[in-house]
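Take a look at the sequence and the structure below. We will go through them step by step.

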Amino acid sequence: MTKSLTRLRKKLLSRASLRAMISLAVFVLLWELGSRSKQWLGVSLPWIGQVPAPSGVLRVWTGLLTDAGYWQSWYLSLLRVLAGFIAAMVIGIPLGLLMAVSKTFYGLSFPSFEILRPIPPLAWVPISIIFWPTQELSIAFVTFLGAFFTVVINVVGGAKSIDGRFFQAAQAMGASQWDIFRRVVLPATLPSIVVGSSVGMGITWNVVVAAEMISGGGGSGSGGGLGFFIWNSYVGGSYEQIVVGMISIGIAGFGCSEVLRALGGLSTPWLQKR
Amino acid sequence: MSNPIASDRPAGTNGKAPTTAGEIRVEGVSKAYGSGLFSKTVINDCSFAIPRNKLTVMIGPSGCGKSTLIRLLAGFEKPTSGSITIDGKPITGPGKDRLVVFQESALFPWMTTFDNIMYGPRARGEDNPQSRAQAEFLLEKVGLKAFRKKYPPQLSGGMQRRAELARAMINNPDVMILDEPFRGLDAMSKELMWEYYAGLFEESHRTNFFVTTDIDEAIFLADRLIVMTNTPTKVRAVIDVDIPRPRRLVNIFDNDHANEVKMRALSLLHEEAMKSFSGGSRAAADFVEAYSRRTGDRANGAKPA
């Protein structure tokens, strides 16, 4: 316990975290100055001058912390991201492995896959609203698409680039096809799965917010997700709330990436300690 | 006695094992890639034998087709013509009777040293106390007991090579095939690995086939040396190396026989190497000439006139 505490203190006081804190402080300071003074050296600031000051944002935010609707937005967006992301992993990883392992399946599926892949997930919004029975499902579907293609492409690429010597070595030691798949192909692809999922997670957050804005976030009153929260604040004219929504998404995305990074690190111990 | 590893263990540990398996015969083997106008012959009508319980070393100019030959012996590829047999049976695919240790490490980076060594037994469903004990025994033998839980990237080059030797040996193959296994190691670890590997061989007298481009390595290790020609490769000469075992580096530098063999092999290799330079390489020729003069002097001085 004390050991982990000293480690935490060391980490917080390290040069890297010091720099990170300076970076954030300077950014917030410039922002505050910019939005307060509106004009610098007689020139009106084109962008920062129009933006609510961080002090105002913080004030609105503290007010929102006790607001159930705000947390409902978090919850809804997180739920959609997780639903889409987990579906993308559950379908994408086996599909990618199958494409990498079977030449026949690759030949049959890859062309269609490659035509669908460049279509931006947001272009799918109208068709998925038509196709899926509920608004919720259509948002989750679009979110799923955001991560799905990235996950598949990474898994296929990772599994296809496994060094042939590993297969030869395994074969020579008497391994069956199944054993090679389980103990060579899977672990060798794991780093690519980790990369694909963290990139996919980033895209998922991009997509969910846009999908919520476009679709009206499930409509009724409080809590259409963080994307709808931003849109609603814009329509309602609360500029501070817009910024609160933006920062909330930033924090949520960062948190999800950190969790994935930790899980990825745990599942690929051979890449960690040198 | 369902476990061949456990039952063979005493034989593998006490001096000369009465191994009787593992004679490989290569007869009239050719290998060409591509077809028609674009076909390229890599191996041309190559015949030789890898005798039982001996360490046979193959040496040839780099890029001559030795690695192709190893892929044929291992069963990863099939010859275009000719036949390869092990103890009279044709080789049809990879098998645990012939294990290959590759040029670069083929240890699985996602497995610890121990798990890497246990790969073969586990792949055959033999994850039992006997094979685990054998893995521990081999870990100790290759000096990696303290590194059993490390991953390959955490090991030095020499340690990786030893781990790989152990991973091959646990499968108790009839023949071990090694494709330039010590290439890329620094001079010091390389010489240590020679002594180490020679020691392993001297303990078991398992049939070994070792491919290299390094003449000193070849002579230090070999019972019999096969010199190959340039591409398309075939056997240029077979030289018996009668240096007593156990071999130690300190003994070999002053051994007249070793120097004679080295001279002979070098001049053959030189002729082959020259063929790959269209105009002939002055530098290579100079090197061999200078070298032969030096060893020639030494040999003459040592022999009573």
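In what order do the six strands of the open sheet in chain B come? Bear in mind that this is a predicted model. The order is 6-7-8-3-9-10, and the pairing is mixed. Find the edges next. They are strand 6 (98-101) and strand 10 of chain B, and each pairs on one side only. From one strand to the next, the twist averages 15 degrees.

Now start at one edge. Strand 6 of chain B runs parallel to strand 7 (residues 175-179) of chain B, and four bridges join the two. Look for Leu99(B): opposite it stands Met176(B), in strand 7 of chain B. A helix also meets this sheet. Helix 2 (residues 66-74) of chain B lies across five strands: strand 3, strand 6, strand 7, strand 8 (207-212) and strand 9 (224-228) of chain B. Its direction is at about 155 degrees to strand 7 of chain B.

Go back along the chain to find a hairpin. Strand 1 (residues 24-33) and strand 2 (residues 40-50) of chain B run antiparallel, joined by seven bridges. Val29(B) is a good place to look, with Cys46(B) of strand 2 of chain B opposite. Six residues lie between the two strands of this hairpin. In the turn, Gly34(B) has a positive phi of about 75 degrees.

Some backbone angles deserve a second look. Most residues other than glycine have a negative phi, and most peptide bonds are trans. Which sign does phi have in Asn53(B)? It is positive, near 55 degrees, and the residue is not glycine. Asn53(B) sits in the loop between strand 2 and strand 3 (55-59) of chain B. It has 19 other C-beta atoms within 10 Å, and it counts as partly exposed because a buried residue needs 20 or more.

Asp87(B) is not a glycine either, and its phi is positive at about 50 degrees. Its loop runs between strand 4 (81-86) and strand 5 (89-90) of chain B. With 14 other C-beta atoms within 10 Å, Asp87(B) is partly exposed.

The peptide bond between Arg245(B) and Pro246(B) is cis, with omega about -5 degrees. Pro246(B) lies in the loop between strand 10 (235-240) and helix 9 (249-252) of chain B.

Turn to chain A. It is divided into domain 1 (1-51) and domain 2 (54-268). Their C-alpha centres lie 29 Å apart.

Where do the chains meet? The contact takes 17 residues from chain A and 19 residues from chain B. On the side of chain A, helix 8 (164-172) and helix 9 (177-215) of chain A are the elements that give two or more residues. Helix 8 of chain A provides the largest share, seven residues. By class, this side of chain A has ten nonpolar, three polar and four charged residues.

How confident is the predictor? For the complex, it gives an ipTM of 0.76 and a pTM of 0.75. Chain B has a mean pLDDT of 81, and 84% of its residues reach 70 or more. Within chain B, confidence is highest in helix 3 (residues 113-117), at a mean of 94, and lowest in helix 1 (residues 4-13), at 40. Over residues 1-19 of chain B, pLDDT stays under 50. Over residues 299-305 of chain B, the pLDDT is also below 50. Where pLDDT is low, the predicted coordinates should not be read in detail.

Terms used. Residues are numbered from 1 along each chain as its sequence is written. Chains are lettered from A and ligands numbered from 1 in the order in which they are written. This is a predicted model: local features need pLDDT of at least 70, side-chain atom pairs count only at pLDDT 80 or more; totals for chains, interfaces and linings use all residues. Two strands pair if DSSP finds at least two bridges between them. Domain bounds come from an automatic or database domain assignment. A residue is buried if 20 or more other C-beta atoms lie within 10 Å of its own, exposed if 12 or fewer, and partly exposed in between; C-beta atoms are placed from the backbone. Two residues are in contact if their C-beta atoms, placed from the backbone, lie within 7 Å. Ala, Val, Leu, Ile, Met, Phe, Trp, Tyr, Cys and Pro count as nonpolar, Asp, Glu, Lys and Arg as charged, and the others, Gly among them, as polar. pLDDT is the predictor's confidence in each residue, from 0 to 100. Axes are lines fitted to C-alpha atoms, for helices over the stretch in contact, and angles run from 0 to 180 degrees between N-to-C directions.
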